[in-house]
Each structure stands twice: as C-alpha cells, then as structure tokens.
Amino acid sequence: MDTLKLLCDYFPMAVYTGKCLVFVSEDWRVELTEHKENDFSKQASQSPVIRVRIAKRAINGELIPSYYEDFQIESLGELAEQVEKYVQMAVGRNLKEM
C-alpha cells in the first residue's frame, strides 16, 4: 500500500480508503489497487503492480466495469504520468475535471 499512499501526492483529487485510491465523478469511478508479487523466488525489490479499474455509471446509477489495466513502473513520477494518461484516454477527459 506504500505506492498508493505516495500516489496521493500526485492525485490530490483522489480519496485513499486504506485499501485503494478512488476518483469518483458523476459518470465514472476510477479505482487504483496495489498488488504485491506472491512468488518469493523473485527479487523482493520488484515494484508492485498497480491495477487501474474504470467503471462507468449507468442511467440507473449502477457502476458498469469498463476498463482495467495493470501498471508496473519503477519510477513513481512516470507511473503517475502513465496512469493519468490511461484514465484520460479511457474516460475522455482530464482527471482534474472529473
């Protein structure tokens, strides 16, 4: 969860719930979760996987899963940049406008 806490600085409009980082708007919900590698035979210094899930709100208010992607980028700045770019392309608007 360390990476998600650090990403809070890059995305001040997101809410950290203790288990995920969430962006909510009238039409969309974007959720970032952190997954550690469970294979202990691999290097411990490998960066965690950040899963980005995007759901669109239907007319009846239900959330319909639309997209998800896993990111595993060492540099926190580059990770934040790529996540932001992915979300912008998926929802069609800037994160700050959500």
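**Exercise 1.** In this predicted model, classify D27 by its relative accessibility as buried, partly exposed or exposed.

*Solution.* The relative accessibility of D27 is 31%. Since partly exposed covers the range between under 20%, which is buried, and over 50%, which is exposed, D27 counts as partly exposed.

**Exercise 2.** Find the residue with which D27 forms a salt bridge, and state which parts of the chain the pair ties together.

*Solution.* The partner is R93, whose side chain meets that of D27 with an N to O distance of 3.0 Å. D27 lies in the loop between β2 (21-24) and β3 (28-35), whereas R93 lies in the segment after α2 (76-91), so the salt bridge ties together parts that are 66 residues apart in sequence. R93, with a relative accessible area of 26%, is likewise partly exposed.

**Exercise 3.** State how many salt bridges the structure holds, and describe those that do not involve D27.

*Solution.* The structure holds three salt bridges. Besides the pair of D27 and R93, there is one between E31 and R29, in which the closest N and O atoms are 2.9 Å apart; R29 has a relative accessible area of 26% and is partly exposed. Another joins the side chains of D70 and R51, at 2.6 Å from N to O. Because D70 belongs to strand β5 (residues 63-71) and R51 to strand β4 (residues 49-57), this pair ties together parts that are 19 residues apart in sequence. D70, at 33% relative accessibility, counts as partly exposed.

Key: Residues numbered from 1 in each chain as written. Predicted model: local features only at pLDDT ≥ 70, side-chain atom pairs only at ≥ 80, totals over all residues. Heavy atoms only, no water. Salt bridge = Lys/Arg side-chain N within 4 Å of Asp/Glu carboxyl O. Helix = DSSP H or I, 4+ residues; strand = E, 2+ residues; numbered from the N terminus. Buried < 20%, exposed > 50% of the residue type's maximum accessible area, 1.4 Å probe, protein only.
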